[in-house]
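The following exercises ask the reader to work from coordinates to a description of helices and chain contacts. Each task is followed by a solution in steps.

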Amino acid sequence: MKRSNEPVFWVLFGAGGMLSALTGVALVFVTGIGVPLALLLSPELMSYPNMLAFAQHWFGKLVIFAVIALFLWHATLRILLLLHDFGIRAGPASALIGNGLALLCTLAAAYLLLALGF
Amino acid sequence: MSAQTDKRHPYLRPIRGWWKRDRYYIRYLAMEATSILIALYALILLFGLLRLGQGEAAFNGWLETLRSPPSVALHSLLLLVFAYHSYSWFKVMPKTLPAIYWRGAKLPQPVITRIGVSAAVIVNLLVIILFTGLQS
C-alpha cells in the first residue's frame, strides 16, 4: 500500500493551530498594537538593536521560526479545505501550490534567520 | 461545479450557496476563514524578518508601517480573529480527541473546551507579561 503523506500536514496543522490558539492574541497585541501605539509596551522593545539581538540568539531564532512556519502550515491546510468547500477540489494541483508556497515561506524564514548570524 | 471531471463520479451535485442553509455552516466557515488572516499575520512577520536582515533603515520602515492607522486597524481585526480562532480551536478539540477518562467517567466535551480556553487565556497573558517585564 502506498503510504500517505497526509499525516505530516495534519501534524503541522495541529501544532500551528495550538501555538496560535495559545499565543496568537498576545503576539498580535505586542507586535501590532502595543508596541506601535506605545500601549502598555515601550516602542523600544522592538527597536532594531533589540530585534537583531533577539533574532541572533538561538532561542529567538527558534521562536520566530516556529511562529512563522507553523502559523503558515496551519493556515495552508485550512485554506485548502476552504477552497474545497467552495468547489475547488483539493487535487494534486491545489495541494502542490498551497503546500509549495508554505514550504517556500518556511525555507525563506530559515534562510533569513541563518543569514542574520549568531 | 457540475462539469464532468471524473469518470467514476460523473455527476457532481451543485454546491453553490450550501453555507447559507444552516447557521452551523456559517460558524464552520468563520472558523475556517480565520486561516486566511492567520496566514496574513505570518507573512507580515516574515516580511519584518526580511527587513531586519536588510539593516536598520529598512527595519525602521517596517516599524513605521506598523504605526500607520490602516495597520493598527488590521491588527485590531487580527486580534478578534485570533481570539475567535482560539475559542473555536478548543471548541472543536474534544471532537478530535479520543475519549479522556478521569476518575472513572468520560470527561464531558464542555469541560475540555473550558480547560483549553483557560489555558489560552493564561498563556496569552503570560506572553504579554513576559514582554512588559522584558522592557524594564
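The expected span of a helix is 1.5 Å times one less than its number of residues. The model to which this rule is applied here is a predicted one.

**Exercise 1.** Compare the reach of helix α1 of chain B with its expected span, and then establish which of its residues are buried and what covers them.

*Solution.* Begin with the length: α1(B) covers residues 23–53, that is, 31 residues, for which 45 Å is expected. From the first C-alpha to the last the helix reaches 46 Å, which is close to that expectation. Next, apply the burial criterion, under which 20 or more other C-beta atoms must lie within 10 Å of a residue's own. The buried residues of α1(B) include Ile38(B), Tyr41(B), Ile44(B), Leu49(B) and Leu52(B), and Arg51(B) is also among them. Their cover includes α2 (56–67) and α3 (69–96) of chain B, together with α1, α2, α3 and α4 of chain A. Finally, look past the end of the helix, where α1(B) is followed by Gly55(B), a residue with a positive phi near 110°.

**Exercise 2.** Determine how helices α3 and α4 of chain A are oriented relative to one another, and which classes of residue form their contact.

*Solution.* Two packed helices are described by the angle between their axes and the distance between the axes. For α3 (residues 58–85) and α4 (residues 92–115) of chain A, the axes come within 10 Å and cross at roughly 170°. Because angles over 145 degrees count as roughly antiparallel, α3(A) is roughly antiparallel to α4(A). On the α3(A) side the contact includes Phe65(A), Leu72(A) and Trp73(A), while on the α4(A) side Gly98(A), Ala102(A) and Cys105(A) are among the partners. Sorted by class, this contact has 15 nonpolar, five polar and one charged residues.

**Exercise 3.** Which helices of chain A supply the side that touches chain B, and what is the make-up of that side by class?

*Solution.* Start from the elements of chain A, which has four helices and zero strands. Then count the contacts between the chains: 44 residues of chain A are in contact with 44 residues of chain B. On the chain A side, α1 (6–34), α2 (48–56), α3 and α4 each supply at least two residues, and α1(A) gives the most, with 14 residues. By class, that side has 34 nonpolar, eight polar and two charged residues.

Note on methods. Residues numbered from 1 in each chain as written. Chains lettered and ligands numbered in written order. Predicted model: local features only at pLDDT ≥ 70, side-chain atom pairs only at ≥ 80, totals over all residues. Axes fitted to C-alpha atoms, helices over the stretch in contact; angles between N-to-C directions. Parallel < 35°, antiparallel > 145°, perpendicular 65-115°, else oblique. Contact = placed C-beta atoms within 7 Å. Nonpolar A, V, L, I, M, F, W, Y, C, P; charged D, E, K, R; others polar. Buried ≥ 20, exposed ≤ 12 C-beta atoms within 10 Å, placed from the backbone.
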